[in-house]
Amino acid sequence: MERLKGQMPVVPDADALTDSIMAAIEGLDSGSKHEESRHVPMWITMLRTVSSVAAVILVALFIHVDSVEEDPISSEPANASAKVIMPDVCEECTPADIFNIKRERIQKRKEREILKNKLYASYKF
Amino acid sequence: MQQTDIELINRCKAGDKTAFRIVVQNCQGMVYSLSLKMLADVEEAKDVVQDTFIKVWQNLDSYDEHYAFNTWVYTIASRLCLDRLRRVRPIGPVDADERVFETVADDTDPERQLESSEWVSVIKVLADELSGKQRLVFTLSQLEGLETEQIKEITGLDADQIKSNLYAAKKNIRERLIKMGYGKDR
């Protein structure tokens, strides 16, 4: 063991090892310079953030409005049956028309249920 | 162990790659020696040498000149070796390694310098069952011939921990050599 103490093995092809280390360091430096050149200006980053937030807010608003519109009874007028029946597929509909069609369908469904209940009640007695 | 010039280090800190090449040429031998004795694999040892100097280059600003540069480089290299040992357990000795070990052990020439491949076999035979810490302390103390103070700085262990790890390593190696037929008389 004493003979081994302090003995240093010779590096095989030491110059090639040094060259490979220096090449790795050169590559490291050019890589970091390349990263710097890809730096995105601050205003683009901010624009991205602001537009992302705006998009999220718009989607949330749309979902909220849609859920309010779906409430069938509260917003429905008493003489709903007098409404003009819209076609199922409307190619030139405005968003307002689409909401009306929805409301119409809900009303119809409610009327059918009332009729059904009445029918069941009369059948029992 | 060569002490690397402070001026050379300062030039490296300023980004002088010619100076860094000199540092690499001066220190790669000791890093290779440590990593070969820790990992018992020539290619892995060369990889550790490369990784060590990349880390040295990247962290030159954090080097404190109050400490020896070689000790700092040893610290980086030893951590990289321990990381590799944790990830890949070295392959144990085969018959060929034991034959090489016997040749080295029976050689009476005190001036004989071992080849890298001989070192690999010797380390595989001696340190096969040692833990990472035991291997590191044994290598630094018994093979590299460093003082306890330096080993403390490199490993971050206190004197008692170094002593206990070295004791356990030596005991393990002694038992292993006795099993191989190397008694006190040999």
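In chain B of this predicted model, 66% of the contacts with a separation of 6 or more join residues 24 or more positions apart. Keep that figure in mind as we walk through the two chains, beginning with chain B itself.

Chain B is built from helices: there are nine of them and zero strands. Following the sequence from start to end, you meet the pattern α-α-α-α-α-α-α-α-α. Of the 186 residues in chain B, 37% count as buried. Chain A, with 125 residues, has 4% that count as buried. Its secondary structure comes to three helices and zero strands, read along the sequence as α-α-α.

Now let's look at where the two chains meet. Here 25 residues of chain B are in contact with 19 residues of chain A. On the chain B side, at least two residues each come from α2 (17–39), α3 (42–58), α6 (116–127) and α7 (132–143). The biggest giver is α2(B), which supplies ten residues to the side that touches chain A. Sorted by chemistry, the chain B residues on this side are 13 nonpolar, nine polar and three charged.

Next, turn to helix α9 of chain B, which covers residues 159–179. How far apart should the ends of a helix with 21 residues be? At 1.5 Å a residue, the expected span is 30 Å, and the end C-alpha atoms of α9(B) are indeed 30 Å apart, so the two values agree.

Which residues of α9(B) are buried? They are N165(B), A169(B) and I173(B). Looking down the axis of α9(B), you will find these buried residues within an arc of 60°, which means that they line one face of the helix. The spacing makes sense once you recall how a helix turns: an α-helix has 3.6 residues a turn, so residues three or four places apart point the same way.

What covers that buried face? Among the elements that do so are α6 and α7 of chain B. Both of these helices also appeared in the list of those supplying at least two residues to the side of chain B that touches chain A. The other side of α9(B) holds exposed residues: A159(B), D160(B), Y167(B), K171(B), R174(B), E175(B) and I178(B).

Finally, follow the chain past the end of this helix. After α9(B) comes G181(B), a residue whose phi is positive, near 100°.

Methods
Residues numbered from 1 in each chain as written. Chains lettered and ligands numbered in written order. Predicted model: local features only at pLDDT ≥ 70, side-chain atom pairs only at ≥ 80, totals over all residues. Contact = placed C-beta atoms within 7 Å. Helix = DSSP H or I, 4+ residues; strand = E, 2+ residues; numbered from the N terminus. Nonpolar A, V, L, I, M, F, W, Y, C, P; charged D, E, K, R; others polar. Buried ≥ 20, exposed ≤ 12 C-beta atoms within 10 Å, placed from the backbone. Expected span 1.5 Å × (residues − 1). Arc of directions from axis to C-beta.
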